[in-house]
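The following exercises are to be worked through with the structure in view. Each task sentence is followed by a solution in steps.

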Number of protein chains: 2
Amino acid sequence: MGEHKPKRADARRNEKTLLDAAAAVFVASGVDAPVRDIAAKAGVGMGTIYRHFPTRADLIIAVYRHQVCACAEAGPALLAANESPHTALARWIDLFVDFLVTKHGLAGVLQSDNAGFESLHAYFLEQLVPVCTELLDAAIAAGEIRAEVRPLELMRGVGNLCIGADSDPRYDARRLVRILIAGLRCETMDA
Amino acid sequence: MGEHKPKRADARRNEKTLLDAAAAVFVASGVDAPVRDIAAKAGVGMGTIYRHFPTRADLIIAVYRHQVCACAEAGPALLAANESPHTALARWIDLFVDFLVTKHGLAGVLQSDNAGFESLHAYFLEQLVPVCTELLDAAIAAGEIRAEVRPLELMRGVGNLCIGADSDPRYDARRLVRILIAGLRCETMDA
DNA sequence: AACGATACGGAGCCGTGTTCCGTTTAGCAA
DNA sequence: TTGCTAAACGGAACACGGCTCCGTATCGTT
């Protein structure tokens with residue numbers, strides 16, 4: 001799992017600079033901000049940004065790697081700290097939703113069909129689906145929820161519900177996600 | 001509610017031609033297809049398409065107007081035909097979901113934040129939210145669901161869940177929507 | 001037939017993603 | 001220190017899609 005650091009010092013410095021600039025621009029203008037803006041903010045040329053991060057997805061991944069990782073690690077912790085696996089699942093999903101809705105436009109770019117972002121989609125999924133699976137399985141084993149949904153589907157569904165959650169105060173993604181999770185419980189559903 | 005038909009015969013003919021071409025291209029390449037492609041398919045110039053449909057949203061609305069209208073009209077019918085308002089709601093949502101997932105990329109473009117498509121978003125909402133409100137209110141009155149969600153939110157949530165439902169066989173939007181609707185029922189939810 | 005109003009076509013502009021290559025520079029060795 | 005080379009840089013240039021603008025063609029009327 002070595003970090004493939006570039007050899008030259010200036011390259012390493014630029015990578016850090018770019019990461020910081022990207023983070024700042026993402027906050028200010030959303031993850032869809034023009035690549036040129038990020039390069040400008042970092043004070044580097046177009047070539048440099050593409051050399052370090054061949055696709056926008058790579059850049060986004062690099063910027064949010066730590067937070068995604070933290071979210072993944074919170075899963076087992078929540079499972080251990082809560083009586084009910086269903087509650088743990090709900091809390092974990094809350095974490096994920098909070099992460100998404102506070103990153104302007106990130107949820108919208110997570111869609112797999114969005115050309116050029118397959119790797120971003122894939123990264124999120126491979127980081128979080130295993131955790132989700134664990135929580136889901138625990139809740140199923142505890143008899144709290146129906147075994148109907150697959151983890152992948154749940155993650156995508158939650159991600160989708162978060163799209164546009166910023167930029168429209170009338171749309172409360174958290175509430176809908178809560179309802180979706182509630183819908184997983186055993187008693188419900190008939191027709 | 002008169003149809004503002006253009007005066008000249010060729011203009012009227014072109015409008016029809018464009019509508020047909022757009023419908024064909026939307027099926028073949030999705031609603032995101034380049035405007036040039038649609039113009040080419042119709043055998044007209046760029047100017048013509050923009051004169052008739054100033055924004056892409058206008059074109060999409062025109063193409064799907066009838067189906068959206070049919071969906072809106074199905075609401076009251078379902079309410080009359082079903083014992084349980086909750087069932088009627090579920091069936092109506094099914095109709096809406098079927099519509100969305102069969103239109104390559106349409107759901108993705110419905111997001112309000114998507115620049116230039118506010119009017120499309122607004123059109124769908126103004127057509128369907130009243131119907132949704134009626135169904136929701138009936139189900140609430142029947143004591144079948146919690147009054148927690150607003151119609152607008154439900155519509156947007158369902159729309160969001162449909163994003164990317166085509167283009168990925170592992171993601172079944174219908175199932176998630178069913179679960180979301182199940183989550184509306186009274187018994188569920190606690191923490 | 002002639003003429004004005006209406007509509008048409010598509011070249012061209014702009015903004016953005018992405019590539020390519022001439023120039024600069026870090027790091028090392030003499 | 002100086003010189004050299006590979007690594008890294010910068011930004012001009014290209015691709016592509018949305019959208020506009022205006023000279024030209026067409027309709028319909030007199």
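## Exercise 1: The surroundings of DNA strand D

In this predicted model, DNA strand D is surrounded by 24 residues, of which A:Asn14, A:Val44, A:Gly45, A:Gly47 and B:Ala9 are the closest.

Task. Determine which helix gives the largest share of the surface near DNA strand D, and divide the residues of this surface by class.

Solution.

Step 1. List the elements that each supply at least two residues of the surface near DNA strand D: helix 1 and helix 3 of chain A, and helix 1, helix 2 (35–42) and helix 3 of chain B.

Step 2. Select the largest contributor, which is helix 3 of chain A, with four residues.

Step 3. Divide the surface near DNA strand D by class: nine residues are nonpolar, seven are polar and eight are charged.

## Exercise 2: The surroundings of DNA strand C

Task. Carry out the corresponding analysis for the surface near DNA strand C, beginning with the residues that come nearest.

Solution.

Step 1. Of the 23 residues around DNA strand C, the nearest are A:Ala9, B:Asn14, B:Val44, B:Gly45 and B:Gly47.

Step 2. Two or more residues come from each of these elements: helix 1 (9–29), helix 2 (35–42) and helix 3 (46–52) of chain A, and helix 1 (9–29) and helix 3 (46–52) of chain B.

Step 3. Helix 3 of chain B gives the largest share of this surface, namely four residues.

Step 4. By class, the surface near DNA strand C comprises nine nonpolar, six polar and eight charged residues.

## Exercise 3: The relation between chains A and B

Task. Establish what kind of axis relates the two copies, and describe the side of chain A that touches chain B.

Solution.

Step 1. Chain A is superposed on chain B by a rotation of 180° with 0.0 Å of shift along its axis, at an RMSD of 0.1 Å. The two copies are therefore related as by a two-fold rotation axis.

Step 2. Within chain A, A:Gly183 comes closest to the rotation axis, its C-alpha lying at 1.7 Å.

Step 3. In the interface, 33 residues of chain A are in contact with 32 residues of chain B. Helix 5 (85–101), helix 8 (151–161) and helix 9 (173–182) of chain A each supply at least two residues of the side that touches chain B. Helix 8 of chain A gives the most, with six residues. By class, this side of chain A has 13 nonpolar, 10 polar and 10 charged residues.

Step 4. Of the interface residues of chain A, 97% are also interface residues in chain B, so the copies meet through the same surface.

Conventions. Residues numbered from 1 in each chain as written. Chains lettered and ligands numbered in written order. Predicted model: local features only at pLDDT ≥ 70, side-chain atom pairs only at ≥ 80, totals over all residues. Near = placed C-beta within 6 Å. Nonpolar A, V, L, I, M, F, W, Y, C, P; charged D, E, K, R; others polar. Least-squares fit on C-alpha atoms with pLDDT ≥ 70 in both. Contact = placed C-beta atoms within 7 Å.
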